[in-house]
Structure formats: structure tokens, C-alpha cells
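Colleague: I am new to this structure, and I would like to go through it slowly with you. Please show me the model, and then let me ask what stands behind each label.

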Amino acid sequence: MSKLSNISNMAQVFDKLNDLKMLFTYGQKLIPIIKSLVDFMHETVPLLENINSSISDTTSKIPKASNQINNVTSATELATTEILDIVDSISNDITKLEGALKVHKEESEKRDEVFNEIKLMLGDSPKAKELIEKYEELNVTTRNMDELLTIFAKIRDDAYNITLSLQVQDITSQQLAAVNHLIESVHVRLSSLIIDIDDTDLQEYDSTGIEVPDDATFDPNASYDKSAERQEQVDDIINKENEQASQSEIDKLFS
Amino acid sequence: MKKVILVADDSPTIRKFVSFSLAMEGFEIIQVCDGMEALEKLPFGKIDLIITDLNMPNVDGYELIKTIRSNEEMKDIPIIILSSLGKSEEIAKGLSCGADSYLVKPFDPKRIQYEVAKYLN
């Protein structure tokens, strides 16, 4: 019985030794792979450090880019306001000139009426006729004034068109605010990535360093479209809404 | 006596454009930079018409319109929305809050004069 037990134990030992041998054989095959893995790690670590350094470098530059955008917005806002002040001043001058010219035109028309009466009183004297013709040739004031009023109206229209075009500043400032918001998001993500890789930089990147006003609001889809088409689409929607409202009011009346 | 128009927009240039377009038509313009400032100004003066943006800090345009419409003393003041938001759902939302007209940016100065004249002349 004990002999049988010993044989069984020995068989188990051989089995285990066999397993061990297979393990060593497998280990021998695995060693080159582990070695290449270690080599790969050796090569990768500097690469990762390089990536980390690049991210740090990029991240540190983002606030500057963001602030540049804010500066551009402020500068265009200031320039637009200045241009609009000038346009405003021109428009005010045009309004004054138009007013003065209209008064002058009315006086000129009254003068013409008086002259016509005088003309009738002068009769058929050839000298008088000659002088009247000469006077009428020279008296082009009223016609000139009409031309001037037309030019003033054109200048006013041009001023309106300038204000329409200048609204591009508002649209671009909204687009820039949207870009800044995007930059801020990227900055936060990159900063958190650096913190994950190397938490010693936590203090350095704790603050985003981007100056985005708390009360900044923007439409990321704002577009500079001067065509009347957009407003016409809005008008169509409003008209449809009004029609529906009127119909419901009619229905209410007859119910 | 000049009619008074309150312009609420966080963009100083847009406030200036609107003022430019309407001041020469003989209106007095009061400028505010958001809905909250508009609500602060409204009870202290006779405002004949309001032009408001939708995207504004603190109190946005939708909230401003709803507050005005729910106030017994101010509910009848005509309101014109002036916004860069031009999608149908945004327009519908603005109108459902109680706005009378909706203009998209960039706006034509003559169109805003026409809209204002509709309510004030």
C-alpha cells in the first residue's frame, strides 16, 4: 500500500516537474518578447516626455492666443465705434444742410413767383424780354437745389450702408468669442492631461490663465449675411404665426 | 415730446448702430447692456418701445420679454427682438415669449426705422 502511494507521489512530482519544464521553455520563449518590450519602453519614455513637454509648451501658449483674440475684439470694437461716430457726425451735418437747403429752396420758389409777376408787368419791351431771358438762364438755383437734395439723399443712403457693413464687427466678435470658448475647453483638457501625466505640474496648470469675461455671451452660428433673404425668411415665419393666431381668434369667435 | 426707446444689447457697437438709425428719426434712445439693467431702468421712465437682443448675460432677452409681459404696468410696451439667432424655432420661441417683431442681425437701418414707426407713429 505504502509502495503504491510512493509511486503515485513520484508520478505527481514528475508531472509537476514536467509542468515546470514547460514553464521554463515558455519563459525562454517569452524572454525575447519581454526584452523587446523593455527596449520599446526605453524608446517610448523619452517620446512620452517629449509629448508631455510639447503639450506643456502648447498649453502655456494658449492663454496668450486667447488674450490676443480678446485684444482683436476690443480693437475692432473701438475702431467701429470711431467710424460710426464719424458717420453719425456726417449724417447730422447732412441733415442740417438738407434743412437749410429746403428753406433756401422755398425762398427761391417764392422769389420766382414774384419774378413771374414782375415779368407780366414788364409787357412786350424787347429790352425787358432780353433781360428776362438772361435772368432765367442764370437762375438755375431751384434746379441745382433739387440735384443737391438728391445727392444728400444718396449720402444718407451710403451712411446707412456703412452702418450695415460695420455690423460685421458684431458678428465677428461673436465668432471670436465662440473660438475663445473652444480654446478655453482645449486648454482645460490639455492641462488635465498634463496633470495626469505629471502631477507635480498641478500647481502650474491649476489656473487656466485665460481671460474670458464671465458675462460673455455669443451665438456660435452668427454669420455676416447682408442679403435680405434672412429677414424675409423671418418675416415668412412671423406671417405664418400671425395667420395661425388670427385663425384661432376667428375660431374662438364662432365657437 | 420725443418718444423713448430702450435698447438692450450686450454689444456696444450694436447699441450704437441702433441709436444711430433711430436718433436721426427723432427718437430718444436709452442704452442698456443686458436684461437686468433693462428691468432696473424700466420702472423709472416712460418707455415707449423696447428693442432687445436674445443672447445677453445676467437676464437674457427671453426672460426680459416674459417679465415685461407679466407686469401689469409694462405689458403693453411694444417689443422688437434684434438677434443674430435666425432659426425658425428661435424665432418662434421669441415670439411666443411675447415679442411683437423679430429682426435679424445684421439689420438694415431703414427696416428698423420702419418697424419702430409701425408701433410709434
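**Reasons behind the labels**

Modeller: This is a predicted model, and a good place to begin is helix 2 (residues 35-41) of chain B, where B:Lys41 and B:Glu37 both lie, four residues apart, which is about one turn of the helix.

Colleague: What makes the contact of B:Lys41 with B:Glu37 a salt bridge?

Modeller: The closest N and O atoms of B:Lys41 and B:Glu37 are 3.6 Å apart, and a salt bridge asks for a side-chain nitrogen of Lys or Arg within 4 Å of a carboxyl oxygen of Asp or Glu, so the pair meets the rule.

Colleague: Why are B:Lys41 and B:Glu37 called partly exposed?

Modeller: The relative accessible area of B:Lys41 is 35% and that of B:Glu37 is 24%; partly exposed covers the range between the 20% limit for buried and the 50% limit for exposed, so both residues receive that label.

Colleague: How do you know that B:Lys75 and B:Glu72 form a salt bridge, and which labels do B:Lys75 and B:Glu72 carry?

Modeller: Their side chains meet at 3.5 Å, N to O, and this lies within 4 Å, so the pair counts as a salt bridge. B:Lys75, at 29% relative accessibility, is partly exposed, whereas B:Glu72, with a relative accessible area of 62%, is exposed because its value is over 50%.

Colleague: Where do B:Lys118 and B:Glu115 lie, and what makes them a salt bridge?

Modeller: They are three residues apart in helix 5 (residues 109-120) of chain B, and therefore are separated by about one helical turn. Their closest N and O atoms are 3.1 Å apart, which is within 4 Å, so the rule for a salt bridge is met.

Colleague: Is B:Glu115 buried or exposed, and what about B:Lys118?

Modeller: B:Glu115 has a relative accessible area of 2%, and since buried means under 20%, B:Glu115 is buried; B:Lys118, by contrast, stands at 45% and counts as partly exposed. These two residues also belong to a network of salt bridges that links them with A:Asp235 and B:Arg111. Over all chains, the count comes to 17 salt bridges.

Colleague: Which residues form the negative surface patch, and why is A:Glu106 called partly exposed?

Modeller: The patch is formed by A:Glu106, A:Glu107, A:Glu109, A:Glu113 and A:Glu117. A:Glu106, which is placed in helix 1 (residues 2-122) of chain A, has 49% relative accessibility, and because this is not over 50%, A:Glu106 counts as partly exposed.

Colleague: What makes A:Phe14 exposed, and which nonpolar surface patch includes A:Phe14?

Modeller: A:Phe14, also in helix 1 of chain A, has a relative accessible area of 52%, and this is over 50%, so A:Phe14 is exposed. A:Phe14 joins A:Met10, A:Val13, A:Leu17, A:Leu20, A:Leu23 and A:Phe24 in a nonpolar surface patch of about 720 Å².

Colleague: How many helices and strands does chain A have, and where is its confidence lowest?

Modeller: Chain A comes to five helices and zero strands, and buried residues make up 22% of its 255 residues. The mean pLDDT of chain A is 82, with 86% of its residues at 70 or more; confidence is lowest in helix 5 (residues 229-254) of chain A, at a mean of 74, and highest in helix 3 (residues 141-166) of chain A, at 88. Where pLDDT is low, the predicted coordinates should not be read in detail.

Key: Residues are numbered from 1 along each chain as its sequence is written. Chains are lettered from A and ligands numbered from 1 in the order in which they are written. This is a predicted model: local features need pLDDT of at least 70, side-chain atom pairs count only at pLDDT 80 or more; totals for chains, interfaces and linings use all residues. Side-chain values use heavy atoms; hydrogens and water are left out. pLDDT is the predictor's confidence in each residue, from 0 to 100. Helices (H or I, at least four residues) and strands (E, at least two) are DSSP runs, numbered from the N terminus. Patches are made of residues with over 30% relative accessible area and no salt bridge: like charges are joined within 9 Å, nonpolar side chains (Val, Leu, Ile, Met, Phe, Trp, Tyr) within 5 Å. Accessible areas come from the Shrake-Rupley method with a 1.4 Å probe; for residues, only the protein chains shown count as cover. Lys and Arg count as positive and Asp and Glu as negative; His and the chain ends are not counted. The place of a charge is taken as NZ of Lys, CZ of Arg, CG of Asp or CD of Glu. Buried means under 20% relative accessible area, exposed over 50%, partly exposed in between (1.4 Å probe, protein chains only).
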